[in-house]
Amino acid sequence: MTSAREFAAIVVGAGHAGVEASLAIARCGFPVLVITLDEKVIARLSCNPAIGGLAKGHMVREIDALGGEIGCAIDATGIQFRMLNKAKGPAVWAPRAQADKKQYESYMLRALMAEKNLTLKQGEVTEILVRDGTCYGVRTKAGETFSGKHVILTTGTFLQGLIHIGEEHYPGGRSEEPPAIGLSDSLMRHGIELVRFKTGTPPRLHRASIRWDLTEEQKGDEPPPFFSHRTTHREVEQMSCWLTHTNSEVHEILRKNLTRSPLYAGRIVGIGPRYCPSIEDKIVKFADKERHQIYLEPEGRDTDEIYVNGFSTSLPKDVQDTALHKVRGLENAEILRFGYAIEYDAAPPTQQKHSLENKKIKNLFLAGQINCTSGYEEAAGQGLIAGINVVKKLRGEEEFTLARTQAYIGVMIDDLVTCGTNEPYRMFTSRAEFRLLLRQDNADMRLMRLGYEIGLVKNEEYQKFLERCERIKDDVKKLRTKRVGQDTAYQLIKKPEMSYKLLIEKGLHTSKLTENEKHFVETEIKYEGYISRQISDVKKFTKIEKRKIPQAICYDDLSNISREAREKLKKIKPESLGQAARIPGISSCDISLLAIYIEKAAKKNS
């Protein structure tokens with residue numbers, strides 16, 4: 001059966017990438033069809049019940065500034081909020097929140113259902129439809145055909161998903177959910193390369209069976225550090241998380257059973273995330289560590305399930321049971337669900353443009369874990385960028401990309417399409433060269449104007465933002481002119497022993513700013529010299545980034561560059577000299593020769 005209706009876009013999958021992509025397109029006025037295996041399971045927090053964290057919290061605030069939904073969703077359904085890394089510099093401060101998983105899913109489902117331009121359908125897509133190098137629709141397992149001017153694949157861990165628990169293995173996209181079979185074959189037939197990756201999840205325990213008195217309580221921050229600029233106030237009765245540790249007895253049990261682990265027995269061929277290893281991986285790679293942290297995190301207000309953060313595993317059930325009962329506080333713990341590993345297909349991201357459109361197949365976009373990433377936040381950022389670029393194409397406008405100097409989302413996508421990855425990619429603050437400029441507290445200053453111009457940030461929200469900017473500007477002006485002895489109030493804040501709060505407490509300044517705005521002003525003043533230096537570095541970086549490489553360039557004509565450089569340039573097709581310089585294996589000499597070649601070609605054609 002073929003649907004008579006043609007959609008502006010078809011989004012396959014309704015995880016975090018699918019939600020942000022489809023909402024962006026629908027909210028810009030274009031009809032979008034979302035096809036998912038289960039229409040009641042929207043943006044499921046498949047693994048840890050949390051949003052944000054190091055670098056990830058930065059991306060959530062960036063998504064929010066551009067008009068995305070993830071920040072509002074966690075603010076509305078969070079049960080604990082914390083600002084991480086406050087003992088360190090402001091560049092690495094990062095908001096994180098525990099979510100009520102069921103409420104979070106319900107919120108995202110309501111967000112989709114509220115959009116008049118969005119149609120949600122349950123089904124399994126098994127084939128992309130391509131004609132003359134252009135994707136024009138999809139076909140489902142049931143034989144239904146849907147036409148769309150653009151297709152966005154956000155398949156998560158479902159492509160050929162295979163679950164492992166010890167010696168057991170069976171098809172699955174998530175626990176108790178079927179995998180997507182067939183679509184991988186369709187992609188490969190159309191020349192898209194696929195690889196096999198792996199991720200995992202820990203056991204869940206019954207709340208009442210845990211000896212909480214033997215663990216260390218971790219409370220949330222007051223007031224809660226919300227994510228969205230749209231969240232003005234919310235009363236939250238915060239729930240605690242709890243800390244415990246593994247020990248030598250736990251490690252010995254795990255070591256004795258490594259041969260029963262599918263990871264070490266060779267049954268898992270997929271590559272797992274380096275920075276979120278399983279507990280069996282930890283005791284092998286960090287054999288000198290006497291213990292590892294385990295956070296016990298509630299999965300919601302109305303559930304007894306406790307997530308065992310730090311104990312991801314695919315060991316047999318009996319080993320999980322024995323080892324967990326040797327952890328302090330878990331001696332009598334009841335396991336509600338065992339941990340498992342899952343293998344799935346992903347597409348090396350060097351096959352995508354910065355817009356996330358596929359290089360081989362026009363109008364086909366990939367976003368989320370299919371691009372070899374891990375994490376809800378990474379997926380949401382990609383989904384939003386893919387959705388915005390579909391909108392841009394529909395409007396006949398230039399593609400939308402974020403530079404490394406503008407956002408962590410820009411760093412992530414540039415890393416993926418330029419360098420690729422041989423393991424599930426995770427964002428860290430250390431990946432950003434200009435992280436003092438990309439703080440979590442200035443995401444709206446960096447990006448909200450762009451969100452407004454696209455049409456995802458409402459006029460009322462943008463006016464409030466402009467008013468906020470004006471308040472901050474006026475406050476800084478007062479600080480610069482208010483004299484306190486030999487210094488201005490502005491100069492006083494620069495001193496290590498002085499803070500904005502102390503300035504007010506001493507009666508040296510009055511302010512109408514919110515706490516977040518005060519923090520922003522203090523950071524901008526205290527780090528003014530470092531910020532100025534980074535802005536200067538950005539200008540130098542942007543200069544080489546702006547030197548575009550003609551798409552019609554024939555790299556075989558560059559006989560002086562190395563063979564490795566020539567092969568990688570032909571494969572990745574960088575858009576600028578800056579991008580070319582970041583490709584592993586390409587030397588500065590290769591870049592210089594490429595620059596000379598481009599300059600000569602430009603003069604010849606002028």
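## R204 and its strand partner

In this predicted model, R204 sits across from Y307, a residue of β19. R204 falls in strand β15, which covers residues 204-206. That strand runs antiparallel to β19, residues 305-309, and three bridges hold the pairing on record between them.

## The sheet around them

Zoom out a little and β15 and β19 turn out to be neighbours in an open sheet of six strands. Reading across, the order goes β16-β17-β18-β19-β15-β20, and the pairing is antiparallel. So where does the sheet end? The edge strands are β16, at 216-218, and β20, at 335-337. Each of these two has a pairing partner on one side only. Going from one strand to the next, the twist averages 35 degrees.

As for what links such strands, backbone hydrogen bonds do the pairing in a sheet, in either a parallel or an antiparallel sense.

## The whole chain

Stepping back again, the chain carries 19 helices and 24 strands. Its C-alpha atoms fill a box of roughly 75 × 70 × 50 Å along the principal axes. The radius of gyration is 25 Å, which agrees with the value near 25 Å that a compact globule of 606 residues would have.

## Inside and outside

How much of the chain is buried? Buried residues come to 57% of the 606. Among contacts with a separation of 6 or more, 73% join residues 24 or more positions apart. On the outside, the chain exposes about 26,500 Å², with carbon and sulfur atoms supplying 49% of that area.

Notes
Residues are numbered from 1 along each chain as its sequence is written. This is a predicted model: local features need pLDDT of at least 70, side-chain atom pairs count only at pLDDT 80 or more; totals for chains, interfaces and linings use all residues. Side-chain values use heavy atoms; hydrogens and water are left out. Two strands pair if DSSP finds at least two bridges between them. Helices (H or I, at least four residues) and strands (E, at least two) are DSSP runs, numbered from the N terminus. Axes are lines fitted to C-alpha atoms, for helices over the stretch in contact, and angles run from 0 to 180 degrees between N-to-C directions. The radius of gyration is taken over C-alpha atoms; the globule rule is 2.2 Å times the number of residues to the power 0.38. Buried means under 20% relative accessible area, exposed over 50%, partly exposed in between (1.4 Å probe, protein chains only). Contact means heavy atoms within 4.5 Å. Accessible areas come from the Shrake-Rupley method with a 1.4 Å probe; for residues, only the protein chains shown count as cover.
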